[in-house]
Amino acid sequence: MVNQNERKNAMTQETNKPAFTERFGGLKGTIWRNPGTDGKPDRYTVSYSRSYKTADGQWKETTSFSAIDNLKLGHLVGKVTDRIAELKAIDASGQTATSEDE
């Protein structure tokens with residue numbers, strides 16, 4: 001079993017690496033793990049984005065969403081919420097997520 005300090009050190013080495021990314025169409029929800037302090041459990045935050053292609057064929061991302069995107073985003077939020085619950089359960093069990101979980 002890995003102790004809390006070892007987990008924090010491992011996470012520090014993986015700075016800027018998302019804990020998980022969930023996609024739905026052109027939308028993406030990126031889950032970030034934030035190490036807990038003073039014995040508190042890790043926290044998770046999420047950033048949402050939408051991919052689009054410019055007229056000259058370049059792919060870009062934005063955090064602005066259309067009315068239709070908002071409907072799709074509602075579905076994505078549910079999937080991301082479920083995944084965060086799974087990540088918290090893995091944290092509570094003292095295990096680490098495997099590549100199958102990611």
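## Exercises on the fold

Just after helix 2, Gly-94 takes up a positive phi of about 85 degrees. Helices here are DSSP runs of H or I with at least four residues, strands are E runs of at least two, and both are numbered from the N terminus. You're looking at a predicted model: local features need pLDDT of at least 70, side-chain atom pairs count only at pLDDT 80 or more, and totals for chains, interfaces and linings use all residues. Residues are numbered from 1 along each chain as its sequence is written, and side-chain values use heavy atoms, with hydrogens and water left out.

**Exercise 1.** Find how many helices and strands the chain has, and what pattern they follow along the sequence.

*Solution.*
- Start with the count: there are 2 helices and 4 strands.
- Now read along the sequence, and you get α-β-β-β-β-α.
- For burial, 25% of the chain's 102 residues count as buried. That label means under 20% relative accessible area, while exposed is over 50% and partly exposed is in between (1.4 Å probe, protein chains only).

**Exercise 2.** Lay out the sheet: in which order do the strands come, and which strands are at the edges?

*Solution.*
- The 4 strands make an open sheet in the order 1-2-3-4, with antiparallel pairing.
- Strand 1 (20-24) and strand 4 (59-62) are the edge strands, each pairing on one side only.
- On average, neighbouring strands are turned by 30 degrees against each other, direction ignored. Such angles come from axes fitted as lines to C-alpha atoms (for helices, over the stretch in contact), and they run from 0 to 180 degrees between N-to-C directions.
- Two strands are said to pair if DSSP finds at least two bridges between them.
- Strand 2 (residues 27-34) and strand 3 (residues 43-53) pair antiparallel over 8 bridges. Among them, Lys-28 has Ser-49 as its bridge partner, and Thr-30 sits opposite Ser-47.
- The loop between strand 2 and strand 3 holds Asp-38. Asp-38 isn't a glycine, yet has a positive phi of about 55 degrees. Asp-38 counts as exposed because its relative accessibility is 76%.

**Exercise 3.** Trace how strand 3 meets strand 4, and say how many residues lie between them in the hairpin.

*Solution.*
- Strand 3 and strand 4 pair antiparallel over 4 bridges.
- Their hairpin has 5 residues between the strands, and Gly-57 in the turn has a positive phi of about 90 degrees.
- Follow the partners: Lys-53 bridges to Trp-59 in strand 4, and Arg-50 stands opposite Thr-62.
- Is Thr-62 buried or exposed? Thr-62 is buried because its relative accessible area is 19%.
- Thr-62 and Tyr-48 are 14 residues apart along the chain, and their C-alpha atoms are separated by 8.8 Å.

**Exercise 4.** Check the span of helix 2 against the expected one, and list its buried residues.

*Solution.*
- Helix 2 covers residues 67-93, which is 27 residues, and reaches 40 Å from first C-alpha to last.
- The expected span is 1.5 Å times one less than the number of residues. For helix 2 that comes to 39 Å, and the model is close to this.
- The buried residues are Asp-69, Leu-73, Leu-76, Val-80, Arg-83, Ile-84, Leu-87, Ile-90 and Asp-91.
- A handy reminder: an α-helix has 3.6 residues a turn, so residues three or four places apart point the same way.

**Exercise 5.** Work out why Arg-83 counts as buried, and what its side chain contacts.

*Solution.*
- Arg-83 belongs to helix 2 and counts as buried because its relative accessibility is 7%.
- Its side chain makes a 2.8 Å polar contact with the side chain of Glu-86. A polar contact is a pair of N or O atoms within 3.5 Å; within protein, one must be able to donate a hydrogen and the other to accept it, and residues adjacent in sequence count only if both atoms are side-chain atoms.
- Glu-86 is also in helix 2, and is partly exposed at 41% relative accessible area.
- Arg-83 also lies over the face of Phe-20, 4.4 Å from the ring centre. To count as over a ring, NZ of Lys or CZ of Arg must be within 6 Å of the ring centre and within 35 degrees of the ring normal.
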